Amino acid sequence: MLYPLLWMVSSSMKPNDIIFRDPSLLPAEWDLSNYTVGWNALAHPFTHYLANSAVVVAGAVLGNLISCSMAAYAFARLNFTGRRLWFAIMLMSIMLPIHVVIVPQYVLFSELDWINTFLPLIVPKFLATDAFFIFLMVQFFRGIPKELDEAARLDGCGHIRIYARIMMPLSLPALATTAIFTFIWTWNDFFSSLIFLTSPDMYTVPVALRTFVDSTGSSNWGALFAMSIVSLIPVFVVFLFGQKYLVKGIATTGIK
């Protein structure tokens with residue numbers, strides 16, 4: 001499982017001409033210039049693409065935390081007409097592959113003149129479009145005793161204050177799980193970024209990495225592997241510091 005990752009780390013420190021001729025994990029020749037070359041090889045320094053990805057990820061995480069938690073609270077605590085039907089429809093949407101909805105989404109965003117902006121990657125997150133996270137938080141909210149809600153209502157709290165003052169503080173594991181998964185999936189999302197971002201100035205990290213690969217065969221593999229290692233660092237850091245919340249969040253939502 002770890003060998004491909006170790007091989008990529010090793011290859012990022014090899015000269016281009018021996019990357020595929022020397023399969024060993026310990027390079028016979030060391031060449032750290034791949035990192036400096038890769039950092040400045042594209043139209044902008046690689047920090048530009050890291051910043052683009054950071055903007056998209058921050059918006060996606062914030063949007064999912066707000067919208068999915070509100071939708072989950074409604075399904076878990078409110079009694080409204082057709083609640084079970086809408087919950088079933090929400091679960092069925094998980095089975096829809098992105099390739100089914102990408103064309104109508106593109107047409108819609110094109111009519112809104114959002115193509116080549118970050119809006120198609122961020123705004124849907126504020127509309128609770130990730131059903132998996134809604135389901136995850138619904139399961140968590142159902143495990144919180146309703147007596148807390150009743151006590152809050154006796155003190156004069158409405159649904160907004162119950163949601164903000166009681167449910168959110170008690171739901172830290174589920175919120176952390178949502179934030180971590182959203183971060184990883186959005187950071188690594190190549191397909192959506194490739195469809196909606198057409199200008200190199202707007203590229204996120206996955207699309208920027210793709211530009212290192214030249215269809216003519218003169219790809220800069222050493223720089224590609226070096227920048228791939230750089231792009232993995234935020235994912236490892238987030239997972240390292242959030243893994244205890246991730247495990248606790250999944251274990252307490254009924255998902256095995």
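Helix 3 and helix 7 are oblique to each other in this predicted model. Two packed helices are described by the angle between their axes and the distance between the axes. Here the axis of helix 3 (residues 46-77) and that of helix 7 (residues 131-142) come within 8 Å and cross at roughly 50 degrees. An angle of roughly 50 degrees is neither under 35 degrees nor in the range of 65 to 115 degrees, and the pair therefore counts as oblique. The crossing of helix 3 past helix 7 is right-handed.

On the side of helix 3, the contact is made by Asn-64, Cys-68, Ser-69, Ala-71, Ala-72, Tyr-73, Phe-75, Ala-76 and Arg-77. Helix 7 contributes Phe-133, Ile-134, Met-137, Val-138, Phe-141 and Arg-142. By class, the residues of this contact comprise 11 nonpolar, two polar and two charged.

An unreviewed UniProt entry places the feature "transmembrane region" at residues 49-73, 85-109, 121-141, 162-187 and 221-241. The table describes the chain over two of these stretches.

| Residues | Helix | Strand | Distance between end C-alpha atoms |
|---|---|---|---|
| 49-73 | 100% | 0% | 36 Å |
| 85-109 | 80% | 0% | 28 Å |

A further site of interest is Lys-14, which lies in the loop between helix 1 (3-11) and helix 2 (33-39). Is Lys-14 buried or exposed? Lys-14 has a relative accessible area of 0%, and is therefore buried. Apart from its neighbours within four places in sequence, Lys-14 is in contact with Ile-19, Asp-22, Pro-23, Ser-24, Pro-27, Glu-29, Asp-31 and Asn-34.

Terms used:
Residues numbered from 1 in each chain as written. Predicted model: local features only at pLDDT ≥ 70, side-chain atom pairs only at ≥ 80, totals over all residues. Heavy atoms only, no water. UniProt positions renumbered as here; feature names shortened; annotations may be inferred. Helix = DSSP H or I, 4+ residues; strand = E, 2+ residues; numbered from the N terminus. Axes fitted to C-alpha atoms, helices over the stretch in contact; angles between N-to-C directions. Parallel < 35°, antiparallel > 145°, perpendicular 65-115°, else oblique. Left-handed = near helix turned anticlockwise from the far one by under 90°. Contact = heavy atoms within 4.5 Å. Nonpolar A, V, L, I, M, F, W, Y, C, P; charged D, E, K, R; others polar. Buried < 20%, exposed > 50% of the residue type's maximum accessible area, 1.4 Å probe, protein only.
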